[in-house]
Amino acid sequence: MRLFALLVAAFFFINSARAEISVNLVVAQGPNSLTREEADSLFNAANMQVTLQMGEPLVLKKYRVISNPFPEEQKKLSKRLRLLRLWDGWFKRRGVGADVNYAITPPFEDGGLYWMAGYSEGVCKKNGTAYSTAEMFNNYGAPRFEHSLVAFLHELGHIVGGEHEDSNTLMHADALARTERMKKIRYSNQTSERIKKCLRKW
Ligand SMILES: [Zn+2]
């Protein structure tokens, strides 16, 4: 009888495929930040890519648009890592318990220019925190939606299991600078496999 129960449990476990990646999303408002509608577009575009490649959609568990709680840190590129720690603390205090805690922030405003950047807490880190900057246009009026999308998918990619790799795809260490060289904004097959493997362990 006991053996039977164990077998049933194992069967259930193997068949309990994940159905989604839950996200606790914050859009921080500040100089040159996205509007809520623009942030929706960014998230939807990212979701389409993740769903297409991983077979699991991003589902918003909580979604907030707030004024940037860390405007001073966002004026110095050198505070990039500190900003991750601040956001991590911010999310942990509010404990929503999603698979991913993500902040879309305004660009860094340093030396009279807007800079894009992002950081994530680690590779394959359930309940992990990441952030990336997003903007529609830079100081020169050049479109930046694609860069914002690359930054978002790169940092999200780390949390769900992606590692840096040397190809013109989303997980290149310098993916932002390579955006124009990407034929498509996508994860490599290798990264897709790594992410699927990570998600199976969650
Ligand atoms: Zn990276």
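This section describes the sheet, the helices that pack on it and selected residues of the predicted model.

The core element considered here is an open sheet of five strands, arranged in the order β2-β1-β3-β7-β6 with mixed pairing. Its edges are formed by β2 (58–67) and β6 (118–120), each of which pairs on one side only. From one strand to the next, the twist averages 15°.

Strand β1 (21–29) lies between β2 and β3 in the strand order. Pairing between β1 and β2 is parallel and extends over nine bridges, and within this pair Leu25 stands opposite Tyr63 of β2. The connection from β1 to β2 passes through α2, and the resulting β-α-β crossover is right-handed. On the other side, β1 and β3 also run parallel and are joined by five bridges; here Ile104 of β3 is the bridge partner of Val27. Strand β1 is mostly covered, with seven of its nine residues buried.

At the opposite edge of the sheet, β6 pairs with β7 (residues 128–133) in the antiparallel sense, over three bridges. In this pair, Gly118 is positioned opposite Ser132 of β7. The loop between β6 and β7 contains Cys124 and also Asn127. Neither residue is a glycine, yet Cys124 has a positive phi of about 55° and Asn127 has a positive phi of about 65°. As to burial, Cys124 has 18 other C-beta atoms within 10 Å and is therefore partly exposed, this class lying between the limits of 12 or fewer for exposed residues and 20 or more for buried ones. Asn127 likewise counts as partly exposed, because it has 18 C-beta neighbours inside 10 Å.

Two helices pack against strands of the sheet. Helix α2 (residues 36–54) touches β1, β2 and β3 (100–105), and its direction makes about 155° with that of β2. Helix α4 (residues 145–159) lies across β3, β6 and β7 and runs at about 165° to β7. Strand β3 is thus contacted by α2 and by α4.

The two helices also meet each other. The axes of α2 and α4 come within 10 Å and cross at roughly 55°. This angle falls between the limit of 35 degrees for a roughly parallel pair and the range of 65 to 115 for a roughly perpendicular one, so the helices are oblique to each other. The crossing of α2 past α4 is right-handed. On the α2 side, the contact involves Leu42, Ala45, Ala46 and Gln49. These residues meet Ser148, Leu149, Phe152, Leu153 and Leu156 of α4.

A further residue examined is Asn189, which is found in helix α5 (residues 189–201). With 11 other C-beta atoms within 10 Å, Asn189 is classed as exposed, because the class takes in residues with 12 or fewer such neighbours. The C-alpha atom of Asn189 is separated by 36 Å from that of Phe70, a residue 119 positions away along the chain.

Terms used:
Residues numbered from 1 in each chain as written. Predicted model: local features only at pLDDT ≥ 70, side-chain atom pairs only at ≥ 80, totals over all residues. Pairing = 2+ DSSP bridges. Helix = DSSP H or I, 4+ residues; strand = E, 2+ residues; numbered from the N terminus. Axes fitted to C-alpha atoms, helices over the stretch in contact; angles between N-to-C directions. Contact = placed C-beta atoms within 7 Å. Right-handed = clockwise from strand over helix to strand, strands pointing away. Parallel < 35°, antiparallel > 145°, perpendicular 65-115°, else oblique. Left-handed = near helix turned anticlockwise from the far one by under 90°.
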